[in-house]
Amino acid sequence: MDGVKFQLFQRTVQSLATCTSLTLQVGEVEIRADGLCSPLRSHQRIEFRKAPSPLPSGLVLVLGTRYGLVIQGRCFVPEDFEPPRRPVGPFQGQWIRTETPTFLLQPLLERISAFLGSAMPDFHPITPVQVLGPVLAGYHFRQPVFLLAGEDNRAFKIDDLTPMIRQGRLDLIPPVAILRQFTWSGGETFFNHILLPPGREASESPRAAAPVAVDYRDRIVCAVCCRGPARIVARDHEPVDIPEGEWVALHPFPTFGAD
């Protein structure tokens with residue numbers, strides 16, 4: 001696996017081996033547990049139920065609040081098998097196939113064995129796994145930009161809002177509640193555009209905003225939430241002033257020669 005997949009795998013195993021809430025599925029049985037980190041048994045809750053969709057024999061599905069992992073034992077699993085997709089926090093999720101030395105799974109396997117009160121199935125030295133990870137849409141100043149999840153883990157869509165202010169390829173539309181957690185603050189840069197509150201000058205090394213990707217009129221673009229009154233300055237465009245209130249700024253991922 002490449003370095004990005006390995007880092008995701010490490011974070012997944014570490015989180016699932018230590019988180020307080022966990023969901024396991026084996027075959028048709030789903031087990032939900034809460035309060036696992038509490039030293040008091042009375043604070044721990046275990047629930048058994050029939051899973052919405054069964055897993056092939058020999059697979060173990062482990063889910064936390066933000067991470068998920070499918071572990072394959074010594075069994076045959078069709079290559080096209082994929083667990084139901086689900087979001088990763090606010091982002092659209094996808095299952096990523098890879099293989100790992102089984103000893104790297106040991107902390108999680110030991111926790112599952114203690115949780116179930118029985119030994120785990122036998123595994124090969126190299127274990128096939130599927131890791132739940134966010135869908136990468138692109139990069140903003142070398143930082144990954146993930147795709148925001150909408151209903152049923154589809155890309156979040158914005159279709160009905162028309163740009164009210166424009167500067168080059170930057171569009172500003174009315175606010176969208178779900179985007180308030182992704183902010184473009186005063187003094188920060190969003191691609192080639194810098195947001196300046198009244199009385200503030202642009203710095204020589206502005207910080208970059210942290211956008212998310214959305215589907216805007218059937219095109220994947222970056223989105224951030226900003227507030228006015230403020231002025232937006234850009235290297236190749238006239239400054240624009242935005243009135244008081246909340247706005248969503250949209251910008252396509254750049255191509256060579258574009259801003």
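**Exercise 1: charges**

Work out how many positive and negative side chains this predicted model has, and how far apart the centres of the two sets lie.

*Solution.* Start with the counts: the protein carries 26 positive side chains and 27 negative ones. Next, take the centre of each set; the two centres lie 4 Å apart.

**Exercise 2: the overall picture**

Put together a quick profile of the fold: secondary structure, extent, burial, surface and contacts.

*Solution.* Step one is secondary structure, and here you get 2 helices and 17 strands. Step two, the extent: the C-alpha trace spans about 65 × 45 × 35 Å along its principal axes. Step three, burial: 47% of the 259 residues count as buried. Step four, the surface: the accessible area is about 14,200 Å², and carbon and sulfur atoms own 53% of that. Last, look at contacts between residues at least 6 apart in sequence: 63% of them join residues at least 24 apart.

**Exercise 3: cysteines**

Find out how many disulfides the structure has, then check Cys222 and Cys226 one by one.

*Solution.* A search of the whole structure turns up 0 disulfides. For Cys222, the nearest cysteine sulfur belongs to Cys226 and sits 14 Å away. The cut-off for a disulfide is 2.5 Å between the sulfurs, so Cys222 is in no disulfide. Now Cys226: its nearest cysteine sulfur is that of Cys225, 6.5 Å away, and Cys226 is in no disulfide either. As for their surroundings, Cys222 is buried at a relative accessible area of 0%, and Cys226 is buried at 1%.

**Exercise 4: aromatic rings**

Count the aromatic pairs, then describe the geometry of the pairs that involve Phe190.

*Solution.* The count comes to 5 aromatic pairs. Take Trp184 with Phe190: the ring centres are 5.3 Å apart and the planes make an angle of 55°, a tilted pair. Tilted covers the range between the stacked limit of 30 degrees and the edge-to-face limit of 60. Phe190 also pairs with Phe191, at 5.2 Å centre to centre and 50° between the planes, and this pair is tilted too. Then check accessibility: Trp184 is buried at 2%, Phe190 is buried at 0%, and Phe191 is buried at 12%. Elsewhere, ring pairs tie Phe91, Phe146 and Phe182 into a cluster.

**Exercise 5: backbone oddities**

Locate the cis peptide bond between Gly228 and Pro229, then deal with the positive phi values of Arg142 and Asn153.

*Solution.* Begin with the cis bond: omega is about 10° for the peptide joining Gly228 and Pro229. Pro229 belongs to strand β16, residues 220-234.

Next, Arg142, which is not a glycine yet has a positive phi near 70°. Arg142 sits in the loop between β8 (136-140) and β9 (143-146). With a relative accessible area of 79%, Arg142 is exposed.

Finally, Asn153: phi is about 65°, again positive in a residue that is not a glycine. Asn153 is in the loop between β9 and β10 (157-158). Is Asn153 buried or exposed? Asn153 is buried, at 7% relative accessible area.

**Exercise 6: two residues and their neighbours**

For Val176 and Ile96, give the location, the accessibility, the touching residues and one C-alpha distance.

*Solution.* Val176 first. You'll find Val176 in the loop between β12 (170-173) and β13 (189-190). Why does Val176 count as buried? Its relative accessibility is 12%, and the buried label needs a value under 20%. Leaving out residues up to four places away in sequence, Val176 touches Phe156, Ile158, Leu161 and Val248. The C-alpha atoms of Val176 and Glu246 are separated by 9.0 Å, with their positions 70 residues apart along the chain.

Now Ile96, which lies in strand β6, residues 93-101. At 18% relative accessible area, Ile96 is buried as well. With the same sequence neighbours left out, Ile96 touches Lys5, Leu8, Val129, Gln130, Val131 and Gly133. For the distance, pair Ile96 with Ser53: they are 43 residues apart along the chain, and their C-alpha atoms are separated by 20 Å.

Technical notes: Residues are numbered from 1 along each chain as its sequence is written. This is a predicted model: local features need pLDDT of at least 70, side-chain atom pairs count only at pLDDT 80 or more; totals for chains, interfaces and linings use all residues. Side-chain values use heavy atoms; hydrogens and water are left out. Buried means under 20% relative accessible area, exposed over 50%, partly exposed in between (1.4 Å probe, protein chains only). Helices (H or I, at least four residues) and strands (E, at least two) are DSSP runs, numbered from the N terminus. Contact means heavy atoms within 4.5 Å. Accessible areas come from the Shrake-Rupley method with a 1.4 Å probe; for residues, only the protein chains shown count as cover. Lys and Arg count as positive and Asp and Glu as negative; His and the chain ends are not counted. The place of a charge is taken as NZ of Lys, CZ of Arg, CG of Asp or CD of Glu. Rings of Phe, Tyr and Trp (its six-membered ring) pair if their centres lie within 6.5 Å; planes under 30 degrees apart count as stacked, over 60 as edge-to-face and the rest as tilted.
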